[in-house]
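Biologist: I'm still learning to read protein structures, and I'd love a close look at a single part. Could you walk me through the barrel and the helix that follows, one piece at a time?

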Amino acid sequence: MAGLSLALTIGSGVARAETPGDLGGYVDGVVQEAMRARGIAGVQVAVVDGEGTLYARAYGVASRQPLVDVDPARTLFRVGSISKTFTYVAAMQLVEQGKLDLHADANRYLPPPLRIPDQGYGPVEVAHLMTHTAGFEESVLPHLFHLGTGPVQPLDEYLAQRRPRRVRPPGVHAVYSNYSVALLGAIVAEVSGEPFEAYVERHLLSPLGMEHTTFREPLADGDPRRVSPALAGDFSLPFKRDAGGYTVEPFEHLAHVAPAASASSTAADMARWMRMLLGGGALDGQRVLAPETFREMCTVTFRNAGEVGGLAHGFFRLRYGRYESLEHGGDTLAFHSGLVVLPEAGLGVFVTTNTDTGQELAGDLPRLVFQRLRADARPDAPPPTPPDFATWAKRFEGVYVSERRARSTFEKLPLAVTARTTVAVGDDGTLVVGAGGMVKRWAPDGGHVFRSVETGHRMAFFEDGAGRVTGFASAHGSEVSSRVDRLDDPMTALLVLGLLGAASLGVLQAAWRRRRESRAPTRVQRAAERAATSAAAVWAAFLAAFVTSLLPLRDPFEAMRSYPSPLLRLAVSLATVGAALALASVVLSAVAWRRATWTPGRRARHGVFVALMLAATLLLVKWNVLFAPYVLGG
């Protein structure tokens, strides 16, 4: 893959031809290998220290037809949730001015349509919104991204319509929430009296000289959030790796959740943002936060467990050897980015990619660069594995499901499947943790704490008063997973549906074989058989439609475009009919069994099928496939 590579001077920092450990050559090698292996169309990287920019470079293309190379000072990549770091700093500016109290009820600053309902959990403080501890459920389909053309909802309208349900008291767990930070941005706008995009431009981007960073998007004429003509032509296309080539996807509009996700930037500008963070709130003589406010912002205010990463007013703080970071990642459907600053080491790394396969590079490159430049940024070796590890660690084995999942909509089942993690004891003295098709190994680090073999970051397990393991806190600090029994494991529901499908085919096959039987059963038995045969046909049709309708959800772009599809709606209608026939079968079978003309084997087969229908119906209700809305607020 041919692409442009440019070294460049940024601000007051000079791009250095020689850096410790030949940094430029090392980064080039890592990035280009990842681009070849993962098929990434374009990448930007910036590395800074306290004096300026050590390295800023672009690779690959922003467009293929026509061919446009990525320019590290001009090409706009979507940085996703790194947008949140601007919202956090904006909120801290208002705290500094005495206009915002982090420990006040957030409703004090919100207009009536956006106020958070109590729902039995008490008030949500502003700080809870910053640390993802407000206690909201998750919801993404199909509203989180607006693909292509058409009007994009204003922030306030979106927040009022798509309000998630509260599912736990505030301050219990940090569970990542885009809605929370979008709501925080609405508070910034309400308190400041300025639209959010205008506030960020006036109080952050302009003072810091970030001329190629914007929260605005290419929207329709007349939309106040429309990007300026000067930047409109600089956006990279979003690429999806597809069968050895690329598909260009529609623009991923996020203006409706702008404070959480809509920023676009360049390596050059993000180098300036990192230098501000290294400078304690100041850059090139321009100060956006007073030193004491900046120190407060960097203070960890919440951890899901003492040993895992913490949240400092929204910024993540993780260990890299002896250093603690200020960091945030950012993912859209196509773009993946990472920003990590080590204040004590005086180093920062930003990386961003414009292809859906770039997540691994965005997550790994900062750590690799730090370890290249600072030996003391490498993780210590874990302690020796206990001799009884294989026996002792069995208590952690099981299935866990992330608390970042839907509770009130149809999304409950598909999101639970993607949020499912399995933990098993490995044969090499580690825990083998599998989630989303990826497997990681974690070495024991004392007590309930385990250390990543790759990164050195830590996860910690919880236990209840009886000593039973109940869940774990992720290394990054914004996710908690709860241990589930078989009934609450989403795979149990899928297994029962699979068994029901096989049984339905068996019932239909048996009905076909019996079509010419001369011996007629009683009227009630005939009705029971007809109900079971009809139910089998309906359940078989449901499962065919259900599976077919869920397959597109594996593609996030297609999920945002088509959910809920007409086929999915048909599948749910069929399941409703199947559930009604299951109840009818129970009543008819109870009567038919008292009139003994069925053989014991036939009774058993019929009973198993009816039981499977009932179990499937109950599980479909439990997992919101039946009798739940498809879309949050829809």
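Modeller: Happy to, and here is a tour of the barrel strands, then of the helix, and then of the core. Please keep in mind that this is a predicted model.

Let's begin with the whole barrel. Eight strands close up in the order 20-21-22-23-24-25-26-27, and their pairing is antiparallel. Averaged over this sheet, neighbouring strands are turned by 30° against each other, direction ignored. As you look at the strands, one idea helps: side chains in a regular strand alternate between the two faces of the sheet.

Now follow the strands in order. Strand 20 pairs with strand 21 in the antiparallel sense, over four bridges. You can find Val401 standing opposite Arg420 in strand 21.

Next come strand 22 (residues 431–435) and strand 23 (residues 438–444), antiparallel and joined by five bridges. Here Gly434 has Val439 in strand 23 as its bridge partner. The hairpin of these two strands has two residues between them, and Gly436 takes a positive phi near 60° there. Strand 23 is also joined to strand 24 (residues 449–452), again antiparallel, by three bridges. Pro444 has its bridge partner, Phe450, in strand 24. In the hairpin of strand 23 and strand 24, four residues lie between the strands, and Gly446 has a positive phi near 105°.

Further along, strand 25 (residues 458–463) runs antiparallel to strand 26, with four bridges joining them. Look for Phe462, which stands opposite Gly471 in strand 26. Their hairpin has five residues between the strands, and in it Gly467 takes a positive phi near 85°.

Strand 26 (residues 469–473) deserves a pause. Is strand 26 largely enclosed or open? Four of its five residues are buried, so strand 26 is largely enclosed by the rest of the structure. On to its other partner: three bridges join strand 26 to strand 27 (residues 480–484), and the two run antiparallel. Ala473 stands opposite Val480 in strand 27. Six residues sit between the strands of this hairpin, where Gly477 takes a positive phi near 95°.

Now for helix 14, residues 490–513. At its start, a side-chain oxygen of Asp489 reaches to within 3.0 Å of the backbone nitrogen of Met491. You can check the length of the helix yourself: at 1.5 Å a residue, its 24 residues should span 34 Å, and the end C-alpha atoms are 35 Å apart, which agrees.

Which residues of helix 14 are buried? They are Pro490, Ala493, Val496, Leu497, Leu500, Gly501, Ser504, Val507, Ala510 and Ala511. To read such a list, remember that an α-helix has 3.6 residues a turn, so residues three or four places apart point the same way. The buried residues of helix 14 pack against several elements, including strand 20 (398–402) and strand 21 (420–425) of the barrel. Helix 13 (412–418), helix 15 (523–550) and helix 18 (600–622) are also among the packing partners.

One buried residue of the helix leads us on to the core. Leu497 is in contact with Phe542, and Phe542 also touches Ala571, Leu574, Ala575 and Leu620, leaving aside neighbours within four places in sequence. Phe542 is one of the residues that touch the most other members of the largest nonpolar core, which has 130 residues. Others in that group include Leu129, Trp273 and Phe546. A second, separate core has 34 residues, among them Val45, Ala174, Phe302 and Phe370.

Conventions:
Residues are numbered from 1 along each chain as its sequence is written. This is a predicted model: local features need pLDDT of at least 70, side-chain atom pairs count only at pLDDT 80 or more; totals for chains, interfaces and linings use all residues. Side-chain values use heavy atoms; hydrogens and water are left out. The expected span of a helix is 1.5 Å times one less than its number of residues. Buried means under 20% relative accessible area, exposed over 50%, partly exposed in between (1.4 Å probe, protein chains only). Contact means heavy atoms within 4.5 Å. A polar contact is a pair of N or O atoms within 3.5 Å; within protein, one must be able to donate a hydrogen and the other to accept it, and residues adjacent in sequence count only if both atoms are side-chain atoms. A nonpolar core is a set of buried Ala, Val, Leu, Ile, Met, Phe, Trp, Tyr and Cys residues joined through side-chain atoms within 4.5 Å. Two strands pair if DSSP finds at least two bridges between them. Axes are lines fitted to C-alpha atoms, for helices over the stretch in contact, and angles run from 0 to 180 degrees between N-to-C directions.
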